[in-house]
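Here is a short report on one protein chain. Look over the sequence and the structure before reading on.

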Amino acid sequence: AAVAALQGVWENHSGAGDTYFVRGLDVIRSKGFGKGRVERPFTLRWNVEWCRIEWGSGKYVLDPPDGPYPNTAVWSPCAGQGRGFVWRRVSAGDGRGGGGGGANEAPDSA
C-alpha cells in the first residue's frame, strides 16, 4: 500500500524546485529548469524485515502514509540523526503533472 501511495509526481516541500517522478520503486529527480535541468535516477527499496520503504539503502525511511493518496510523504533519517525531508504531491491541475516534494532537500545518494 505504501508503494502505491507514492506513485506520481512530487516536489520538494522546501520550495527548492526539485521534482520527483515515482513509478514503482523507481524515482527520477529533476533539478533546475530549461537547459540547466538535470535528472537523476534513484531506486527505493522495500525492506522486508522492517516492512518499510527506504531511500538511500536505509539512510531514510518513509513514514507511514496518511491514506491511499497522501498529499505529503515524510522521509525520516533511519538512525534518527540528521534531518529528514518532505515531498508534497503536485496537483494534476498545476501543469506539472501531479506529485509532492520535500521539506528539506532529498539526498543526492540512494
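Is Cys78 buried, partly exposed or exposed? Cys78 is partly exposed, because its relative accessible area is 31%, which lies between the cut-offs of 20% and 50%.

## Model and overall layout

This is a predicted model. The chain has one helix and ten strands. The helix comes at the N-terminal end of the order, and the strands follow: α-β-β-β-β-β-β-β-β-β-β.

The chain has 110 residues, and 38% of them are buried. Its accessible surface is about 6200 Å². Carbon and sulfur atoms account for 54% of that surface. Take the contacts between residues at least 6 apart in sequence: 40% of these join residues at least 24 apart.

## Cysteines

There are zero disulfides in the structure. Cys78 has a relative accessible area of 31%. Cys51 has 54%. Cys51 therefore counts as exposed, since the cut-off for that class is over 50%.

Cys51 sits in the loop between β5 and β6. Its backbone deserves a look. Cys51 is not a glycine, yet its phi is positive, at about 50 degrees.

## The β5-β6 loop and a nonpolar patch

Val48 shares this setting: it lies in the loop between β5 (45-47) and β6 (52-55). Is Val48 buried or exposed? Val48 counts as exposed, because its relative accessibility is 63%.

Val48 also belongs to a nonpolar patch on the surface. Its partners there are Leu25 and Trp46. Together the three residues make a patch of about 280 Å².

## Arg89 in strand β9

Arg89 belongs to strand β9, which covers residues 85-89. Its relative accessible area is 9%. Arg89 is therefore buried, as the cut-off for that class is under 20%.

What does the side chain of Arg89 reach? It reaches the backbone oxygen of Ala5, at 2.6 Å. That distance is within the 3.5 Å cut-off for a polar contact.

## Summary

The predicted model shows one helix and ten strands. In the loop between β5 and β6, Val48 is exposed at 63% and Cys51 is exposed at 54%. Arg89, in strand β9, is buried at 9%, with its side chain reaching the backbone oxygen of Ala5.

Terms used: Residues numbered from 1 in each chain as written. Predicted model: local features only at pLDDT ≥ 70, side-chain atom pairs only at ≥ 80, totals over all residues. Heavy atoms only, no water. Patch = residues over 30% accessible without salt bridge, like charges linked within 9 Å, V, L, I, M, F, W, Y side chains within 5 Å. Areas by Shrake-Rupley, 256 points an atom, 1.4 Å probe, with all protein chains shown as cover. Salt bridge = Lys/Arg side-chain N within 4 Å of Asp/Glu carboxyl O. Helix = DSSP H or I, 4+ residues; strand = E, 2+ residues; numbered from the N terminus. Buried < 20%, exposed > 50% of the residue type's maximum accessible area, 1.4 Å probe, protein only. Contact = heavy atoms within 4.5 Å. Polar contact = N/O pair within 3.5 Å; in protein donor to acceptor, adjacent residues only side chain to side chain. Disulfide = S-S within 2.5 Å.
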